[in-house]
Amino acid sequence: MRRTLLTADWLLAETGGRRRLMPRGEVVFEGGAVAFVGHGFPGEVAERLDFGPALISPGFVDLDALSDLDTTILGLDNGPGAAKGRVWPDSYVARGPYEMYSEAELAFQKRFAFAALIRAGITSALPIASLFYREWGETAGEFEAAADAAEALGLRVWLGPAYRTGGQVVNAAGEIRAVFDEARGLAGLDEAADFAKRIDGRAGGRIRAMFAPDRIETCTEALLTRTAALAAEMGAPVRQHCLQGATEIRLVRELHGCTPAEWLEKLGVLSPRWLLPHGTEATGRDFEIVRDAGAAIVHCPLVSARHGSALRSLRRLIDMGVKVGMGTDTWPPDMIHIMQLGLMLCRLAEGDALALRAGEIWDAATAGGADALGRPDLGRLAEGARADAIVIPLDDTLRVPDPIQTILAAGPRARVSDVFVEGRRIMAGGLIPGVDEAADMARAQAQFDGLIAKYPERTLGHPPVSAIFEPSFPVEPAP
């Protein structure tokens, strides 16, 4: 088989079950796997790539990877969400929700998002998208297109259309309640299960199935127990947004008399397959339930902090033995920036400048996510692991003696130049074959502008766009 040897000033690899930094280390790929890590590889290689002043790291694992055009960025200065189109008003529900994107637009945004993930050094991703602008749930058809895009680009993904048996609705008084249509939700689950069986293992195993019941307050017992059974049958992960907001906590208490984690425990559905973003409203008991079930918290510090919340804290979860992986959950999906923020938020939460070390959050973004998926062959460069690696240049920033600390202190200067998945170089020098970044960005902006124009239809009171999204400063009339 063809062998490729990568080397650089630094290699982050594992030998003997321990992760270590290797100055001028070498990693050899053969047949989609890591054949060697260390120094002085004795065999023949077909290709040798020396990246010089750079770090070669395992690829990032993103357990909550955005796969649409991120409408949450519209909430940066515009809230509360129930008054700004983030919750369907009664009047919109009465007229009948509809799909705000065409099939072609849905297919484009998946490919656009997947390319952005690759640029960020994400080699394994579980895509997530908003249901606010959907008629109800996602469709198998759009995920067939997503599988095509992932296969063409070379990305490793877990795919499954999101489904739900309920939704949040706000009335004229601003009161949010849950409404349900269980039959529709169970039909969505059946469609998702059929899709899972069709695509699981595609592209030589790079495309796998997952189950994506939407936010816990929008799901019924029948949906969750059926999901758990199907996931167990297939050995597939289940991702469900949970323990992330005050409205969610209130609605679950009103419906079930307990916290979301307690309800999942009562239903007996939690397992090592369950992935739970975001955990920002979790109690100590909630975290114990997650830990004891072997489930994982998906830490998304940027999108949480943007809305004034934070995980309390990553240090606490590590010390408790809770499995934690990272999620970007926004655009751009800059995992390095998200790790930088996560490191600082943990130190702020603990009031300790060394509460979390750089290596610990790097672990969460690589091996932590892989372990949450039950995939010890991902998120690490070790003999026998899959050949997923990224290259981060170090020559355009001031370097401290440690490359991980250099990158996490570099701010926006830190970037990924090259990405390998299964040993295939899917990005070289920042360029992805077959992707015109400028043209795609222009198309994405036009599509996003069209969505913004539709916001009044699904916003409480149906105000104009100018009243929904207020400018940072007064805007003068155009000349």
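**Entry 1: strand 4 and its partners**

I started at Leu5, which stands opposite Val28 in strand 4. The model is predicted, and I read every entry below with that in mind. Leu5 falls within strand 1, residues 3–7. I looked up how strand 1 and strand 4 pair: they run antiparallel and are joined by five bridges.

Next I followed Val28 to strand 5. Its bridge partner there is Phe36. Strand 5 covers residues 33–38, and five bridges join strand 4 to it, again in the antiparallel sense. I noted the general rule that strands of a sheet pair through backbone hydrogen bonds, either parallel or antiparallel.

How much of strand 4 is buried? Strand 4 spans residues 26–30, and four of its five residues are buried. I logged strand 4 as mostly covered.

I then checked the turn. Strand 4 and strand 5 form a hairpin with two residues between the strands. Gly31 takes a positive phi there, near 60°.

**Entry 2: the six-stranded sheet**

I traced an open sheet of six strands next. Their order is 3-2-7-21-22-23, and the pairing is mixed. Which strands stand at the edges? They are strand 3 (18–23) and strand 23 (424–427). Each has a single partner strand, so one side of each is left without a neighbour in the sheet. From one strand to the next, the twist averages 30°.

I looked closer at the strand 3 end. Strand 2, residues 10–15, pairs with strand 3 over six bridges, in the antiparallel sense. Glu14 stands opposite Arg19 of strand 3.

**Entry 3: Thr397**

Strand 21 of that sheet order led me to a loop. The loop runs between strand 21 (389–393) and helix 13 (403–409), and Thr397 is found in it. Is Thr397 buried or exposed? Its relative accessibility is 19%, so Thr397 counts as buried. The cut-off for buried is under 20%.

I listed its contacts, leaving aside neighbours within four places in sequence. Thr397 is in contact with Thr406, Ala410 and Arg413.

**Entry 4: the core and Leu189**

I pulled up the largest nonpolar core, which has 95 residues. Which members touch the most others? They are Phe60, Leu159, Phe211 and Trp362. Helix 11, residues 335–350, supplies the largest share of this core, with eight residues. I recalled the general tendency: in soluble globular proteins, nonpolar side chains tend to be buried together.

From Phe211 I moved to Leu189. Leu189 lies in helix 4, residues 182–199. Leu189 counts as buried because its relative accessibility is 0%. I again left aside neighbours within four places in sequence. The contacts of Leu189 are Tyr163, Phe211, Leu223, Arg226, Thr227 and Leu230.

I also took one distance. The C-alpha atoms of Leu189 and Ala261 are separated by 21 Å, and the two residues are 72 apart along the chain.

**Entry 5: helix 7 against helix 8**

Ala261 brought me to helix 7. Helix 7 (residues 260–267) packs with helix 8 (residues 284–293) at an angle of about 35°. Their axes are 8 Å apart. I recorded a left-handed crossing.

Which residues meet? Helix 7 brings Ala261, Glu262 and Glu265, and helix 8 brings Arg285, Asp286 and Ile289. I sorted the residues of this contact by type: two are nonpolar, none is polar and four are charged.

Terms used. Residues numbered from 1 in each chain as written. Predicted model: local features only at pLDDT ≥ 70, side-chain atom pairs only at ≥ 80, totals over all residues. Heavy atoms only, no water. Axes fitted to C-alpha atoms, helices over the stretch in contact; angles between N-to-C directions. Left-handed = near helix turned anticlockwise from the far one by under 90°. Contact = heavy atoms within 4.5 Å. Nonpolar A, V, L, I, M, F, W, Y, C, P; charged D, E, K, R; others polar. Buried < 20%, exposed > 50% of the residue type's maximum accessible area, 1.4 Å probe, protein only. Pairing = 2+ DSSP bridges. Core = buried A, V, L, I, M, F, W, Y, C linked by side-chain atoms within 4.5 Å.
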